[in-house]
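Q: Please take a close look at a single helix of this model and describe how its residues are arranged. A connected account would be preferred.

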Amino acid sequence: MQDLYPTRGATEVVTPRQDPVVWGPSAGLESYEKDGFLTVDQLLADDEVAFYRRELERMIADPAVRADERSIIEPQSQSVRSVFEVHRLSEVFAGLVRDERVVGTARRILGSDVYVHQSRINVKPGFGASGFYWHSDFETWHAEDGLANMRTVSVSIALTENHDTNGGLMIMPGSHRDFLGCAGATPKDNYKKSLQMQDAGTPSDEALTKMADRHGIRLFTGRAGSATWFDCNCMHGSGDNITPYPRSNVFIVFNSVENAATEPFAAPIRRPEFIGARDFTPVP
């Protein structure tokens, strides 16, 4: 299979996007096509937020969930940072994946049936939860999971208020139009380190400065229940949370069934299925 987006070679390489941004009818998705993201001020009502937050809190308090390999622990505080594959661990979050407000939007953007490439709850507690450095998700999913095309969309649904101070999501608007192939080979079992701190697949300071100068940076704030949809190739990251106020969200990645994962394009082995799914069954 031809590699449209070379990465993890000797040097950084910029490749213009070879794929559509919106694969279905674009009506109502013009801002997503232009900027690479779409915000919804209130996807979930207050009672729904409370329902999902109770489930999040139940899961992170469960010793069996904490001990599961799908849980990622903060190195400093030993708090739960993320729990992956939540749509399989929890019927509550499985129901959210099937919600037409969620999966229906993914189908509109990707122009096909979709499956869940990845799901997780992110728990960013106050007083020191670490951030995540600038990166393109597609760079990782292409290099390490074998997604050939940019036909994947993520949604981050806030379960706590996103302030401008508690480590919120930052995106460079329009950065989805060019693919930045990063320098450096992928270590074996890179996922074990990258889920706590990104290393392989990290852009250079020079490349990030050029992109920020060209596109600017948007910081997302909003009430609990708000949501941000963003393209798989958006350059994004988040800062540390040193405030007292947690930032927790549900994160779901939908991939087109017509873009099912193959073999990694720039890694020695596949990542585990709880991070990069190999079950391509469409969401009903």
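A: A residue is called buried when its relative accessible area is under 20%, and exposed when that value is over 50%. In this predicted model, the buried residues of helix α2 are Val49, Tyr52, Glu55, Leu56 and Met59. Viewed down the axis of α2, these buried residues fall within an arc of 130°, so they line one face of the helix. The general geometry of such helices is relevant here: with 3.6 residues a turn, an α-helix has residues three or four places apart pointing the same way.

The other side of α2 carries exposed residues, namely Asp47, Arg54 and Ala61. As for what the buried face meets, the buried residues of α2 pack against several elements. Among the helices in this set are α3 (63–67), α4 (86–89) and α5 (91–98). The strands are β4 (80–84), β5 (114–124) and β13 (247–256).

The length of the helix may also be examined. Helix α2 comprises 16 residues, 46–61, and at 1.5 Å a residue it should span 22 Å; its end C-alpha atoms are 22 Å apart, which agrees with that expectation. The expected span is obtained as 1.5 Å times one less than the number of residues.

In summary, α2 places Val49, Tyr52, Glu55, Leu56 and Met59 in buried positions along one face, while Asp47, Arg54 and Ala61 are exposed on the other side.

Methods
Residues numbered from 1 in each chain as written. Predicted model: local features only at pLDDT ≥ 70, side-chain atom pairs only at ≥ 80, totals over all residues. Heavy atoms only, no water. Helix = DSSP H or I, 4+ residues; strand = E, 2+ residues; numbered from the N terminus. Buried < 20%, exposed > 50% of the residue type's maximum accessible area, 1.4 Å probe, protein only. Arc of directions from axis to C-beta. Contact = heavy atoms within 4.5 Å.
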